[in-house]
Amino acid sequence: MQPGRAPAWERDEVILVCDLVYHNGWNRGFPDDPAVIELSELLQQLPLHPQEKRDPRFRNVNGVAHKTADLHTNTPWYQGKPKNGGAVDKEVIRDFLEYPEEMQAAAKAIRDSIRYGSFEKSEPVEGAAGDESEAPEGRLLARKYFARERDPRLRDKKIKSVLAAGRDLSCEACGFDFEAVYGERGRGYIECHHILPLHASGATTTQLKDLALLCSNCHRMIHRGKEWLTPGRLRELIQQQRAD
Ligand SMILES: [Zn+2]
Ligand SMILES: [Zn+2]
């Protein structure tokens with residue numbers, strides 16, 4: 001690492017800074033603001049950047065205050081020359097303007113999870129259905145969310161409840177049935193998808209009704225890209241495509 005070069009800001013971090021700017025009437029913060037001091041402490045606790053990439057100034061009050069200024073000067077109505085805000089800054093600002101409730105809830109969920117230590121157990125997720133790097137509400141909440149989705153006990157319970165209700169284990173979006181296609185090898189296989197948004201999925205215990213059953217392809221398609229679809233919306237897409 002080059003001396004004096006801080007690690008790039010992750011979407012999770014920008015969400016937290018933008019939340020501060022948002023609650024400050026879209027104005028910047030200063031290094032002696034209590035909210036900036038508190039946020040600096042919080043950012044230093046997030047398990048996003050390895051210790052060896054951090055220098056003693058990592059996310060200190062000056063750095064955080066600078067970042068609030070970057071965001072302030074990248075709002076669409078700012079008249080002067082914007083400071084060096086990156087693509088992530090602009091995206092997060094746009095999301096706060098478009099979905100203020102969801103973004104504030106995401107910021108709160110990230111803060112709460114740090115406070116209660118619930119990020120520690122969740123490991124980074126890559127490759128499988130739902131790549132956390134694409135997650136709309138940041139990587140940390142996505143990690144927790146995918147850990148929930150893949151909890152084998154929860155999946156077993158869901159499958160048992162569906163079978164007990166006399167229904168098949170078929171994909172709720174496209175109808176794919178693993179046993180029908182793969183025979184014995186596919187029996188009892190299906191993936192579970194959590195239908196609540198990330199910021200709502202970690203706070204309470206998961207209810208079986210919050211889980212949808214999906215085949216692997218549909219599950220992938222739901223989590224593909226920044227905007228995740230509902231199973232119902234994916235079902236509509238499939239039907240439209242079949243009709244064309
Ligand atoms: Zn499917
Ligand atoms: Zn899912």
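A residue counts as buried when its relative accessible area is under 20%, as exposed when that area is over 50%, and as partly exposed in between. With that scale in hand, select Trp 26, which at 10% relative accessibility counts as buried because 10% lies under the 20% limit. The model on the screen is a predicted one, and the stops below follow its backbone, its charged pairs and its metal site.

**The whole chain**

Before zooming in on any residue, display the complete protein as a cartoon, in which 11 helices and 2 strands can be traced. Followed from the N terminus, these elements come in the order α-α-α-α-α-α-α-α-β-α-β-α-α. The C-alpha trace spans about 65 × 40 × 30 Å along its principal axes. Of the 244 residues in the protein, 43% are buried, and among contacts with a separation of 6 or more, 64% are accounted for by residues 24 or more positions apart.

**Two loop residues with positive phi**

Return now to Trp 26, which is found in the loop between helix 1 and helix 2 (34–45). Its phi is positive, at about 65°, although the residue is not a glycine. Next select Arg 59 in the loop between helix 2 and helix 3, where phi is again a positive value, near 50°, in a residue other than glycine. Is Arg 59 buried or exposed? At 3% relative accessibility, Arg 59 counts as buried.

**Helix 1 against helix 3**

Show helix 1 together with helix 3 (residues 61–73), whose axes come within 9 Å and cross at roughly 70°. That angle makes helix 1 roughly perpendicular to helix 3. To see the contact itself, select Val 14, Val 17, Cys 18, Leu 20 and Val 21 on helix 1, and Lys 67, Thr 68 and Leu 71 on helix 3. Within this set, Cys 18 is buried, with a relative accessibility of 0%. Cys 215, a further cysteine to select, is also buried, at 5%, and the count of disulfides in the model comes to 0.

**Helix 4 against helix 5**

Move on to helix 4 (residues 87–98) and helix 5, which pack with their axes 5 Å apart at an angle of about 120°; the two helices are therefore oblique to each other. Helix 4 contributes Val 92, Asp 95, Phe 96, Leu 97 and Glu 98 to the contact, while helix 5 contributes Pro 100, Met 103 and Gln 104. Keep Asp 95 selected and add Arg 11 and Glu 91, since these three residues are linked in a network of salt bridges.

**Charged pairs**

Side chains of opposite charge can pair when their charged atoms come close. How many salt bridges does the structure hold? There are 14, and a few of them deserve a separate look.

Begin with Arg 111 and Asp 19, whose closest N and O atoms are 2.9 Å apart in a salt bridge. Arg 111 lies in helix 5 (residues 100–115) and Asp 19 in helix 1 (residues 11–23), so the pair ties together parts that are 92 residues apart in sequence. Colouring by accessibility shows Arg 111 as partly exposed, at 25%, whereas Asp 19 is buried, at 4%.

Then select Arg 153 and Asp 151, whose side chains meet in a salt bridge at 3.3 Å, N to O. Here Arg 153 is exposed, with a relative accessible area of 64%, while Asp 151 counts as buried at 18%. A further pair to display is Glu 184 with Arg 187, which form a salt bridge at 3.2 Å, N to O, and both of these residues are exposed.

**The zinc ion**

Finish at the zinc ion (ligand 2) and show the side chains that coordinate it. Which atoms are the donors? Glu 149 appears twice through OE, and it is joined by His 193 (ND1), His 219 (NE2) and His 223 (NE2), at 2.0 to 2.5 Å. Along the sequence, the donor residues follow the spacing E-x43-H-x25-H-x3-H. His 219 and His 223 both belong to helix 10 (residues 216–223), where being 4 residues apart separates them by about one helical turn. His 219 is buried, with a relative accessible area of 3%, and His 223 is buried as well, at 3%.

Key:
Residues numbered from 1 in each chain as written. Chains lettered and ligands numbered in written order. Predicted model: local features only at pLDDT ≥ 70, side-chain atom pairs only at ≥ 80, totals over all residues. Heavy atoms only, no water. Disulfide = S-S within 2.5 Å. Buried < 20%, exposed > 50% of the residue type's maximum accessible area, 1.4 Å probe, protein only. Salt bridge = Lys/Arg side-chain N within 4 Å of Asp/Glu carboxyl O. Donors = N, O, S within 2.8 Å, 3.2 Å for Na, K, Ca; no water. Axes fitted to C-alpha atoms, helices over the stretch in contact; angles between N-to-C directions. Parallel < 35°, antiparallel > 145°, perpendicular 65-115°, else oblique. Contact = heavy atoms within 4.5 Å.
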